Amino acid sequence: MRPHGSRAADAPHSVSMADVARVAGVSQQTVSRVVNDQANVKAATRERVLAAMEELGFRPNYAGRSLRGGSYRAVGLFMPDLMYAGNLATLNGLMAAAAERGYAVTLADQPNAAERSLTRESRQMAALPVDGIVINMSQKTADFDEFVPLPGLKTVIVGALPHPRCTTVDSDHYGAAVMAVEHLIVHGHRQIRHIAGPVDSVPAEQRERAWRDMLERHGLPVVDPCCGDWSADDGYELGCRLAEDRSATALFAANDQMAYGAMLALRERGVRVPEDLSVIGIDDSLEGVVPHNMLTTVRLNLEERGRAVFEHAVGVLAQSTEPATVRIPGTLVTRASVADLR
């Protein structure tokens, strides 16, 4: 066998299975079995083939593997704003499900959210070796209603709006907000303010709509909400304003980061939580991040969302030809930020 790495250094062409077979002293069929992780290869032979593949810098031909096996064993994912806690948790769930099935995840990004297009993103991902496409979106794209998924390539949208031709998977944002506001009402609160998310966010719109519906259903006053950008800094700024509203008894924030920022501002201005003002959020993203986390919230199981996305894209649920609307319910987590006024 040549010295390690010599073939890769001076190779004028792509390394083939025939090259690997020649260096390892085996047949091309044996190399193919090793590449496809088949069991009927002796351990010593497998090690010899793997060593030859490493020496030559051999990479499997994914197109050829797909033609033979019918699958690349990879799912493509478009996920802008990856650093948001919710997107990271969803990615963790998707990758865990993919790893359990022996799949890889090919990740792509679209830096300018204003220019997003389902059609363009699906075509871009279809050019890569993937078996299914997942597109994460919190804002409705201009081509959302007209979008037609590419034939033979299952496309799943992670988003809060149903689609006529694609399966959509998301948390139940409306139901989670109902749960949060109902918790405040049950504990005797009648003046409930809201810090909403961005005006162009579909989840934020659904959470705000649930807040309004619940107040109107119970005959309670609706004071127009303030809109933030999901960040604790914006929550702090809006909390400074809310500290002047002495008639409010409770605050429902559209996510935990804004709720936490608001609580800091309230305390700095002498408004006690929960004695003077109760606070509740949505997502439970502060657990394990903020020490002595006292915020009552509605937990969204975002890792389960990621797993559900994988199953509908390339897993056992991908075989269905009918688009599904999958909404994963939240769970109320009670801590110490809501006072009982009854």
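I began with the contact of two helices in this predicted model, and noted that His-173, Tyr-174, Ala-177, Val-178, Val-181, Glu-182 and Ile-185 in α8 meet Pro-203, Gln-206, Arg-207, Arg-209, Ala-210, Trp-211, Asp-213, Met-214, Leu-215 and Arg-217 in α9. Sorting the residues of this contact by character, I found ten nonpolar, two polar and five charged.

I then looked up the geometry of the pair: α8 (residues 173-186) and α9 (residues 202-217) pack with their axes 8 Å apart and at an angle of about 40°. Since angles under 35 degrees count as roughly parallel, I entered α8 and α9 as oblique to each other, and I recorded the crossing of α8 past α9 as right-handed.

Next I turned to strand β1 (residues 74-78), which runs parallel to strand β2 (residues 104-108) and is joined to β2 by five bridges. I noted Phe-78 opposite Ala-108 in β2, and I followed the chain through helix α6 (residues 85-100), which together with β1 and β2 makes a right-handed β-α-β unit.

Last, I traced an open sheet of six strands, whose order is β7-β6-β8-β9-β10-β12 and whose pairing is mixed. The edges are β7 (226-227) and β12 (331-333), each of which has a single partner strand, so one side of each is left without a neighbour in the sheet. For β12 I looked up the pairing with strand β10 (residues 296-299), which is antiparallel and has three bridges; there, Thr-297 has Val-333 in β12 as its bridge partner. I also saw that helix α11 (residues 256-268) lies across β6, β8, β9 and β10, and that α11 runs at about 160° to β9.

Key:
Residues are numbered from 1 along each chain as its sequence is written. This is a predicted model: local features need pLDDT of at least 70, side-chain atom pairs count only at pLDDT 80 or more; totals for chains, interfaces and linings use all residues. Side-chain values use heavy atoms; hydrogens and water are left out. Axes are lines fitted to C-alpha atoms, for helices over the stretch in contact, and angles run from 0 to 180 degrees between N-to-C directions. Helices (H or I, at least four residues) and strands (E, at least two) are DSSP runs, numbered from the N terminus. Angles under 35 degrees count as roughly parallel, over 145 as roughly antiparallel, 65 to 115 as roughly perpendicular and the rest as oblique. A crossing is left-handed if the near helix is turned anticlockwise from the far one by less than a right angle, and right-handed if clockwise. Contact means heavy atoms within 4.5 Å. Ala, Val, Leu, Ile, Met, Phe, Trp, Tyr, Cys and Pro count as nonpolar, Asp, Glu, Lys and Arg as charged, and the others, Gly among them, as polar. Two strands pair if DSSP finds at least two bridges between them. A crossover is right-handed if, with the strands pointing away from the viewer, the path from the first strand over the helix to the second runs clockwise.
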